[in-house]
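Subject: The structure for you to look through

Dear colleague,

I am passing on the structure that we talked about, and below it I have written out what was found in it. Please keep the 3D view open while you read, so that you can look up each place as it comes.

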Amino acid sequence: PDPADSSPFVPRSLVVDERFDWGDDRPPGVPWAETVIYECHVKGMTRLHPEVGDTERGTYLGLCAEPVVEHLARLGVTAVELMPVQQIAAEEHLLRDGRTNYFGYSPLGWFAPHAGYARGGGETAARELRQMVAGLHRAGIEVLVDVVFNHTPEGDHRGPTLGLRGIDNRAYYLPRGDELDRYADYTGCGNTLDAGSPLCRRLILDALRFWVEELRVDGFRFDLAPVLGRSGGGPFDRGAELFREMAADPALSRVKLIGEPWDLGPDGYRLGGLPEELSEWNDRFRDGVRSFWRGDPGSAPALRRAVEGTPQLWAPRRPPRASVNFVTAHDGFTLADLVSYDRRHNEANGESNRDGHEHNLSRNWGVEGPTDSPPVLSLRRRVRRSLLATLALSAGTPMVSHGDELGRTQGGNNNAYCHDCELTWVRWPDGTQPEPAGFLTRALALRRREPALRPAGWDERRITWLSADGGALTPPARELPHFGALLAGRDGWLLLLFNGGDRERLFRLPRVAAAGPWRVRLDGGDGSSKELPGSTARVAAHTLLVLGRRYPDGSSAGPASGASPATSRSSR
């Protein structure tokens with residue numbers, strides 16, 4: 001026998017019974033302007049959940065278990081974005097070291113739900129995934145799937161032959177220049193798929209249609225999306241054939257599509273440049289918000305752009321939903337670690353702490369890692385709430401990373417992709433919903449009640465930026481870490497007061513034609529922020545305070561000063 005023949009070691013396909021009674025299942029069809037995304041890992045989400053059955057923990061059925069669905073609904077989540085659930089194959093070098101690709105960004109079978117997340121294994125994976133989709137749909141929650149059509153686990157030319165390489169190597173992979181036996185690597189994983197190839201393009205489209213039509217998912221997030229626009233290894237083209245076919249497809253054109261707008265190829269950072277049909281992960285939002293709340297000098301303008309939805313990237317061609325806003329995601333620090341560590345701690349990854357991003361924009365607030373210090377813990381809670389409040393109240397589509405609302409930590413590991421253990425699993429508390437989950441619930445409830453916080457078009461985002469003295473934000477004050485944002489809400493005015501400085505700040509409240517006093521709608525601090533008798537408010541350090549004031553008799557008069565919220569972007 002040929003010693004290079006990998007046939008004995010390649011996973012076999014399995015014929016399964018595809019029949020499933022969907023009953024009265026219907027896609028929730030949540031409008032983009034009302035969408036709140038919750039990124040999660042199927043196994044890690046419920047592996048430690050005390051109220052999920054022993055045989056369902058860590059599975060598709062666990063994710064649609066009643067306690068989990070109730071938690072998501074209580075938070076205000078309208079869509080789960082599942083980290084990869086197509087059949088996964090861990091890379092050879094991880095297996096040699098006794099590790100695995102826990103995150104799952106290494107798909108082997110594009111038409112098969114991952115067997116490891118099914119209680120009954122491969123024979124029941126498709127059925128159990130359908131049960132999960134139907135269960136989440138009943139709660140009004142959409143299911144988005146993170147898909148990887150940019151590389152495969154076959155790796156570089158030294159890797160195993162598991163599928164596409166053995167079928168038609170040149171039809172599916174991008175060669176490295178004239179070296180047809182070597183691969184272009186725009187993914188960091190050893191190979192790059194050629195999405196411009198007719199065979200490869202057809203395979204991708206067939207797989208997408210299968211997940212929509214047969215498994216009834218509600219959309220996709222495309223990992224390293226610029227690869228999909230690199231036909232034949234050329235420069236990125238937002239008008240590439242694959243994008244055009246997706247937009248014209250009856251099944252794919254009606255679901256939510258999100259792209260990660262960067263890859264490792266030439267000119268690979270494409271934020272704001274993907275096709276109009278795709279929303280985009282906005283790392284500029286992430287960095288601006290992180291930088292401001294950790295106290296970086298000069299970061300106030302970036303924070304204001306983030307709250308506005310970074311319109312310079314999209315308007316007027318694309319609506320606010322184009323910006324998928326996030327502070328944390330599966331890559332990088334968790335929210336708890338973002339306020340607990342100045343630097344990464346990835347020693348457990350076996351790469352001498354060299355892997356993972358160094359540019360984290362994090363701050364430990366006085367102690368690296370865990371501490372019992374009450375002042376440090378109080379500061380961390382305050383900054384964490386301010387980060388969540390900014391995410392919830394900014395224009396665009398908010399995305400929360402699983403477990404952040406429960407204080408999930410990875411011990412400072414910002415690249416925990418290879419750990420399938422308690423380091424990465426969500427640890428659920430016993431008893432009542434803890435902070436910051438309760439705070440996030442209140443912040444997202446405020447977002448739902450106020451259309452001004454979730455505009456469907458840029459003309460609906462009417463906001464005026466104010467200095468701490470209640471007047472217009474003039475050039476000398478634009479760099480200061482304390483300012484306000486005035487918005488016309490449903491029943492009156494909303495006033496967001498940002499204090500990113502390290503001491504309490506007194507704000508003078510603007511005069512508006514409204515009856516009654518300003519009232520606290522959301523306090524990101526520890527309760528010490530409050531409106532005062534008269535026309536001022538005291539805002540604690542590192543805090544976002546939201547006040548509201550009702551219109552008299554339902555009218556909607558503008559500010560008495562004559563300033564118009566429609567002039568917002570001239571005063572960033």
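Where in the chain is the place of proline 316? Proline 316 sits in the loop between helix H11 (311–314) and strand E11 (323–326), and the peptide bond that leads to it from alanine 315 is cis, with omega near -10°. Please keep in mind throughout that this is a predicted model.

The chain as a whole

The chain has 14 helices and 20 strands. Its radius of gyration is 24 Å, which is close to the 25 Å that the globule rule gives for 572 residues, so the chain is as compact as a globular protein of that length. Along the principal axes, the C-alpha atoms fill a box of roughly 90 × 50 × 50 Å. Of the 572 residues, 58% are buried, and among the contacts with a separation of 6 or more, 71% are between residues that are 24 or more positions apart.

Two pairs of helices

Two packed helices are described by the angle between their axes and by the distance between those axes, and I have followed that order for both pairs.

Helix H7 (residues 198–213) packs with helix H8 (residues 241–248) at an angle of about 30°, and their axes are 11 Å apart. Because an angle under 35 degrees counts as roughly parallel, H7 is described as roughly parallel to H8. The crossing of these two helices is right-handed. On the side of H7 the contact is made by Arg201, Ile204, Leu205 and Leu208, and on the side of H8 by Glu241, Leu242, Glu245 and Met246. Sorted by class, this contact of H7 with H8 has five nonpolar residues, three charged ones and no polar ones.

For helix H9 (residues 283–293) and helix H10 (residues 300–308), the axes come within 8 Å and cross at roughly 135°, and H9 and H10 are therefore oblique to each other. H9 passes H10 in a left-handed crossing. The residues of H9 that make the contact are Phe285, Gly288, Val289, Phe292 and Trp293, while those of H10 are Ala300, Ala302, Leu303 and Ala306. By class, the contact of H9 with H10 has eight nonpolar residues and one polar residue, with no charged residues.

Two buried residues in helices

Arginine 385 is found in helix H13 (residues 374–393). Is arginine 385 buried or exposed? With a relative accessibility of 18%, arginine 385 counts as buried, because the cut-off for that word is under 20%. Leaving out residues up to four places away in sequence, arginine 385 touches Glu435, Phe439, Gly524, Gly525 and Asp526.

Leucine 335 lies in helix H12, and at 1% relative accessibility leucine 335 also counts as buried. Which residues does leucine 335 touch, not counting those up to four places away in sequence? They are Val327, Thr328, Arg384, Leu387, Leu388 and Asp404. Leucine 335 can also be set beside arginine 408, since these residues are 73 apart in sequence and 7.5 Å apart in space, taken from C-alpha to C-alpha.

Places in the loops

Leucine 224 is placed in the loop between strand E8 (219–222) and H8. Its phi is near 45°, which is a positive value in a residue other than glycine, and at 12% relative accessibility leucine 224 counts as buried. Asparagine 353, which lies in the loop between helix H12 (335–338) and H13, likewise has a positive phi, of about 60°, although asparagine 353 is not a glycine.

Finally, glycine 163 is found in the loop between strand E5 (142–147) and helix H6 (164–172), and with a relative accessible area of 26% glycine 163 is partly exposed. How far is the C-alpha atom of glycine 163 from that of glycine 273? These two glycines are 110 residues apart along the chain, and their C-alpha atoms are separated by 32 Å.

With best wishes

Methods. Residues are numbered from 1 along each chain as its sequence is written. This is a predicted model: local features need pLDDT of at least 70, side-chain atom pairs count only at pLDDT 80 or more; totals for chains, interfaces and linings use all residues. Side-chain values use heavy atoms; hydrogens and water are left out. Axes are lines fitted to C-alpha atoms, for helices over the stretch in contact, and angles run from 0 to 180 degrees between N-to-C directions. Helices (H or I, at least four residues) and strands (E, at least two) are DSSP runs, numbered from the N terminus. Angles under 35 degrees count as roughly parallel, over 145 as roughly antiparallel, 65 to 115 as roughly perpendicular and the rest as oblique. A crossing is left-handed if the near helix is turned anticlockwise from the far one by less than a right angle, and right-handed if clockwise. Contact means heavy atoms within 4.5 Å. Ala, Val, Leu, Ile, Met, Phe, Trp, Tyr, Cys and Pro count as nonpolar, Asp, Glu, Lys and Arg as charged, and the others, Gly among them, as polar. The radius of gyration is taken over C-alpha atoms; the globule rule is 2.2 Å times the number of residues to the power 0.38. Buried means under 20% relative accessible area, exposed over 50%, partly exposed in between (1.4 Å probe, protein chains only).
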